[in-house]
Amino acid sequence: MTLLPSCDILVVGGGNAGYSAAITARQAGAKHVVLIDKCPEDWAGGNTYFTAGAYRTVHGGLDDLLPLVNNIDDDLARLIDLDPYTEQDFRNDVDRICAGRSDVALSTALIQDSNAAIKWLASIGIRFQLSFNRQAYKLNGRHKFWGGLTLKTEDGGKGLIDDHRSAAQRFGVEVHYSTTLLGLLSEPGTGRVRAAKVLHRGQEHTITAGAVILAGGGFEANPKMRAQFLGPSWDVAKVRGTPYNTGDVLNIAINDALAQPAGNWSGCHSVAWDANAAADTGDRVASNEFTKSGYPLGLMLNVNGERFVDEGIDLRNYTYAKFGRAILEQPESTAFQIWDNRMVPWLRPEEYRKERVQLITAPTIEELAKACVEHGLKGSDNFVRTLKAYNSAVYAHRSENPNVKWDPAIRDGLSTQSTKRQLALAKSNWALPLDEGPFVAVKVTCGITFTFGGLKIDPKMAQVMSSVTGQHIPSLYCAGEMVGGLFFQNYPGGSGLTSGTVFGRRAGKAAVASLSVRNQARL
């Protein structure tokens, strides 16, 4: 397909946000919408491809979601416990998890538009399912959903990108891979972004556009920028997703269009990640399966044999995006996740099956410590002491609170803290003893997902704001990871994909509306 020298709308970036923007622009009446991505086609999908496809959305309960999903029949529906997730629930989660620092206007737009965004995605052919494997436990014969996160796409991020690409083709979006944004050109005087310089298959081109929508991701795959903005040691963090999100589009917007930086530039989404995974890129086969999110069911110890987080401080989808940082800050930026025989059956097979991860096993705690030494553990004696002190504290709490029952789908209050015995670092929920062999350990490190620093936008239109005038930059819009100010240090799981669609749609609509306004002005 030939890259033409002009278009109505140019979208930069081919992940969930970019496709949401491009398809919306076509639906809104733009005749010629072009989406470019610097990756080759066999790397299509940006970071979206590497996600679990989870979307956090306001909903009215099971009846509100059933029309959207394809994996529930009537018999199964009768066995599901799924509470409504209200706007206030979403607001409380954003405020709590982001320490009250999320931009209120941005997060309000995200929350209030989340349900409509999901239903729009379903209408264009995105296949949704209830996320039994990640967000429900089967207890007493019933599937109990937890954490306000219930929806995922069929086949995760891979399926989501397949569906987006199919929809884009149906709606007539022109897509070009191996096409890198080199610069933005603005009109003198007005500052309106009128064109983009690109490198397409080794040749430089200028594309004149009625409006440009930036959805090119953060700087998570750029070790220099990670060290510069996130801090020391972040250059050694492993990259979970695409190697093509290197901050180029952010820098171009800031330097060429004088876009205003915004948000938490020292913050990011990072997780417990398989220590044996590749360093600088995600794996397109394993994808999200290198995530190791079973820590609430056990413990995490560093190479000195010491715990460093409260593994049970909150439900997993409220802690997993910040615990990667905690692991990175440990000696050698690694840790060991540990479980006994009681908990191993509760681990997700896609993350912990032997074909996917190296399992360290032993019949006793002492032998597990020796086995972990072969994988980098330095403090084997301290490892044993830590586990035995933990077990002692667990039994003391259970003795005082015999009626508290273990329930992984709620904050159950099973703790290490009693009047007789307390640990310096509590495990606040799901604290069962680890004393029934055989035992299993997995070595993990930090895997970075995406960065939180980005550009300041008008939440209503997703239009980029100027660092010089403080006003809208004419014809320039932004969505996805490039939006700054929404997340701080942490985020409620599933909010990223929802944000990409919410602000991608707003950008697509506003960009097309700006064409109409300019056309009217010419008459």
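**Entry 1: terms and model**

I count a residue as buried under 20% relative accessible area, as exposed over 50%, and as partly exposed in between. The model I looked at is a predicted one, and I keep that in mind for every value below.

**Entry 2: nonpolar cores**

I began with the interior, since in soluble globular proteins nonpolar side chains tend to be buried together. I found that the largest nonpolar core holds 148 residues, and that the members touching the most other members are I9, L10, L130 and L214. I then looked up a second core, separate from that one, which has 24 residues, V303, F336, L387 and L434 among them.

Which residues does I9 touch, once those up to four places away in sequence are left out? I listed A25, A30, H32, V33 and V34, then A211 and I213, and finally A511, V512 and L515.

**Entry 3: salt bridges across the chain**

My search of the whole structure gave 26 salt bridges, and I followed three of them residue by residue.

The pair I took up to begin with is E41 and R165, whose closest N and O atoms are 2.6 Å apart. Because E41 sits in the loop between β2 (33-36) and β3 (54-55) while R165 belongs to helix α7, this salt bridge ties together parts that are 124 residues apart in sequence. I noted both partners as partly exposed, with a relative accessible area of 48% for E41 and of 27% for R165.

I turned next to D113 and R506, a salt bridge in which the closest N and O atoms are 3.6 Å apart. D113 is in helix α5 (residues 104-123) and R506 in helix α14 (residues 495-522), so that the pair links distant parts of the chain, 393 residues apart. Are these partners buried or exposed, or does the pair fall in between? D113 is buried, at a relative accessible area of 14%, whereas R506 counts as partly exposed, because its relative accessibility of 22% is not under the 20% that buried requires.

My third pair is R134 and E351, and here I read 3.8 Å between the closest N and O atoms. R134 lies in helix α6 (residues 132-135) and E351 in helix α11 (residues 349-352), so this salt bridge ties together parts that are 217 residues apart in sequence. I found R134 buried, with a relative accessible area of 12%, and E351 buried as well, at 1% relative accessibility. I also noted one network, in which salt bridges that share partners join R56, D93, R96, D314 and R411.

**Entry 4: cysteines**

How many disulfides does a search of the whole structure find? I got 0, so I asked why C268 and C446 do not form one. The sulfur of C446 is the closest cysteine sulfur to that of C268, yet it is 6.3 Å away, too far for a bond, because a disulfide needs the two sulfur atoms within 2.5 Å. From the other side, the closest cysteine sulfur to that of C446 is the one in C268. I recorded C268 as buried, with a relative accessible area of 2%, and C446 as buried too, with 0%.

**Entry 5: backbone geometry**

I looked for departures from the general pattern, in which most residues other than glycine have a negative phi and most peptide bonds are trans. The peptide bond from G437 to P438 is cis, its omega being near 0°, and I placed P438 in the loop between α13 (380-400) and β19 (439-451).

Two residues that are not glycine caught my attention for a positive phi. D155 has a phi near 65° and lies in the loop between β8 (151-153) and α7 (156-171). R201 has a phi of about 50° and is found in the loop between β11 (193-200) and β12 (203-214); I counted R201 as exposed, because its relative accessibility is 60%.

**Entry 6: a sheet of three strands**

My last look was at an open sheet of 3 strands, ordered β4-β7-β6, in which the pairing is mixed. Its edge strands are β4 (80-81) and β6 (136-139), each of which pairs on one side only. I followed β6 to strand β7 (residues 142-145), where 4 bridges join the two strands and the run is antiparallel. Which residue in β7 is the bridge partner of A136? I found it to be F145.

Key
Residues are numbered from 1 along each chain as its sequence is written. This is a predicted model: local features need pLDDT of at least 70, side-chain atom pairs count only at pLDDT 80 or more; totals for chains, interfaces and linings use all residues. Side-chain values use heavy atoms; hydrogens and water are left out. A nonpolar core is a set of buried Ala, Val, Leu, Ile, Met, Phe, Trp, Tyr and Cys residues joined through side-chain atoms within 4.5 Å. Buried means under 20% relative accessible area, exposed over 50%, partly exposed in between (1.4 Å probe, protein chains only). Contact means heavy atoms within 4.5 Å. A salt bridge is a side-chain nitrogen of Lys or Arg within 4 Å of a carboxyl oxygen of Asp or Glu. Two strands pair if DSSP finds at least two bridges between them.
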